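The following exercises are to be worked through with the sequence and the structure at hand. Each task is followed by a solution in steps.

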Amino acid sequence: MREHTKLYIDGVWREPVDGGVAELTDPATGEASGRVALAGTADVDLAVAAAKRAFVSYSQTTREERIELMERIADEYERRAEDMAQAVTDELGSPLWLSHSMHVAAGKVQFRAAADALRTFAFTEDRGTTHIRKEAMGVAGLITPWNFPALQPAGKTASALAAGCTVVLKPAQLASSSGVVLAEILEAAGVPAGVFNLVTGRGSVIGNALSTHPDIATISFTGSLDAALQVQAAAAPTVKRVTTELGGKSPHVLMPDADLDIAVDTVMAWLMANTGQICSAASRTLVPRERLEEFLSVLLPRVEALRLGDPRAEGVDMGPLISDDQWQTVQGYIQSGLDEGAQLLTGGLGKPEGLENGHFAKPTVFSGVSNDMTIAQEEIFGPVMSIIAYDSVEEAVQIANDVRFGLAGYVTGRNLKAAEEVASQIRAGYIVINNVEFDWSAPWGGYKESGNGREWGPDGMREYLETKVILGRG
């Protein structure tokens with residue numbers, strides 16, 4: 001049982017003002033697994049006040065001091081990697097091997113990447129007698145989702161601290177354990193009191209309190225579009241900066257010459273991994289009509305071989321969805337696919353045999369999907385794949401862009417020049433060709449309703465900086 005009944009404010013672990021707590025459940029069993037503190041507006045006020053006081057001195061630290069701090073945090077993160085992996089598995093249901101290889105690996109690289117970005121970042125520029133400076137904005141309110149509970153808090157925190165901002169972090173209520181471990185890491189690494197503060201609890205309470213608070217300079221939000229619109233509306237009266245990373249309905253274009261093994265590897269890595277709970281999930285696969293049957297002959301055996309079960313057990317490929325609510329949502333989308341005439345090839349409604357107690361969903365593949373179907377237009381956040389056949393590459397590009405989101409895209413093809421040409425035409429912020437290794441220093445973010453702003457590396461730091469111009473310098 002995980003008991004996280006305290007908040008981390010001004011360098012001290014303390015009870016919430018009203019003493020509220022919420023029960024946590026294990027996604028793999030549906031049973032109670034712990035409790036988490038529920039912060040209120042009074043706690044947010046205390047955290048923001050602490051961050052505001054700490055900003056006065058922290059914003060004046062040197063580049064070298066912040067590099068040293070980032071490295072100390074990264075070292076401590078390495079020491080706590082097992083604790084972080086266990087927390088991710090407990091709260092998200094990610095298989096323990098995946099918690100290590102994807103979630104923790106993605107989280108721990110953030111602070112070293114921030115140190116690297118700091119080493120070469122141009123905080124000042126002179127143009128004749130005009131001097132231009134980049135200065136830390138102030139207190140940053142960070143609101144993170146439950147699907148990547150190690151990566152998202154680490155990435156936002158690293159960029160904000162590297163820029164010289166102080167932080168109030170609000171992790172997703174369902175994934176608070178990882179946020180607590182991160183706070184312990186920062187405390188052990190010697191982050192000064194007030195520079196980092198953790199408030200756990202309900203997004204409707206804390207998100208609104210952060211968004212409306214006059215002493216918060218900027219909000220970085222990752223989550224649903226509906227919640228983002230609420231944050232932006234609440235932040236508007238104080239004209240604070242709001243950056244968002246929202247949903248996706250990312251296309252995966254198989255070129256006519258695609259290597260089908262690489263194509264299926266892309267499906268496994270960018271859709272079926274994390275039980276499909278990936279904002280950049282490659283959930284629409286566009287296949288040349290003449291290669292559809294060949295593709296299915298490679299894909300379906302791989303999908304049907306996925307081993308579902310206890311995420312702490314050896315040999316498990318896929319764990320449960322995070323909650324019953326998310327399970328019900330995924331079931332609704334599968335039913336929608338059936339109702340709208342898509343062809344179910346594997347998976348479908350209900351829970352896998354022998355896994356009735358947890359929030360397990362069957363890996364599901366639909367073919368015969370048209371791009372106007374609900375399952376091709378809306379983010380499902382589950383292991384549900386829509387296959388759309390196309391007759392020309394030009395048609396594939398049109399289908400790829402015929403969606404309101406634009407977070408990511410994927411292209412598989414042997415002719416790199418042709419694949420790059422298609423990638424250049426996809427209206428999305430991050431395109432992966434041939435399942436190449438991810439680049440954590442590259443800017444991450446989307447087009448259209450997938451949000452605004454960028455995260456990670458130098459581009460992520462810029463979101464926490466203001467520009468000042470001083471005229472008349474000698």
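**Exercise 1: Salt bridges in helices**

Asp459 is partly exposed, with a relative accessible area of 27%; partly exposed lies between buried (under 20% relative accessible area) and exposed (over 50%), computed with a 1.4 Å probe on protein chains only. The model is predicted, so local features need pLDDT of at least 70 and side-chain atom pairs count only at pLDDT 80 or more, whereas totals for chains, interfaces and linings use all residues. Residues are numbered from 1 along each chain as its sequence is written, and side-chain values use heavy atoms, with hydrogens and water left out.

Task: Determine what the side chains of Asp459 and Arg462 form, and where the two residues lie.

Solution.
1. The two side chains meet in a salt bridge at 3.5 Å, N to O; the term requires a side-chain nitrogen of Lys or Arg within 4 Å of a carboxyl oxygen of Asp or Glu.
2. Both residues belong to helix α15 (residues 457–462) and are three residues apart, about one helical turn. Helices are DSSP runs of H or I with at least four residues, and strands are runs of E with at least two, numbered from the N terminus.
3. An α-helix has 3.6 residues a turn, so residues three or four places apart point the same way.
4. Arg462 is also partly exposed, at 43%.

**Exercise 2: Arg119 and its partners**

Task: Identify the acidic side chains with which Arg119 forms salt bridges.

Solution.
1. Arg119 meets Asp116 at 2.7 Å, N to O. Both lie in helix α4, three residues apart.
2. Arg119 also meets Glu71 at 2.9 Å, N to O. Glu71 lies in helix α2 (residues 63–79) and Arg119 in helix α4 (residues 96–120), so this pair ties together parts that are 48 residues apart in sequence.
3. Relative accessibility is 21% for Glu71, 41% for Arg119 and 47% for Asp116.

**Exercise 3: A buried glutamate**

Task: Establish which side chain makes a polar contact with that of Glu245, and how far away the nearest side chain of opposite charge is.

Solution.
1. Glu245 is located in strand β12 (residues 241–245).
2. Glu245 is buried and has no salt bridge; Lys156, the nearest side chain of opposite charge, is 6.5 Å away. Here Lys and Arg count as positive and Asp and Glu as negative, while His and the chain ends are not counted.
3. The side chain of Trp444 makes a polar contact with that of Glu245 at 3.2 Å. Such a contact is a pair of N or O atoms within 3.5 Å; within protein, one must be able to donate a hydrogen and the other to accept it, and residues adjacent in sequence count only if both atoms are side-chain atoms.
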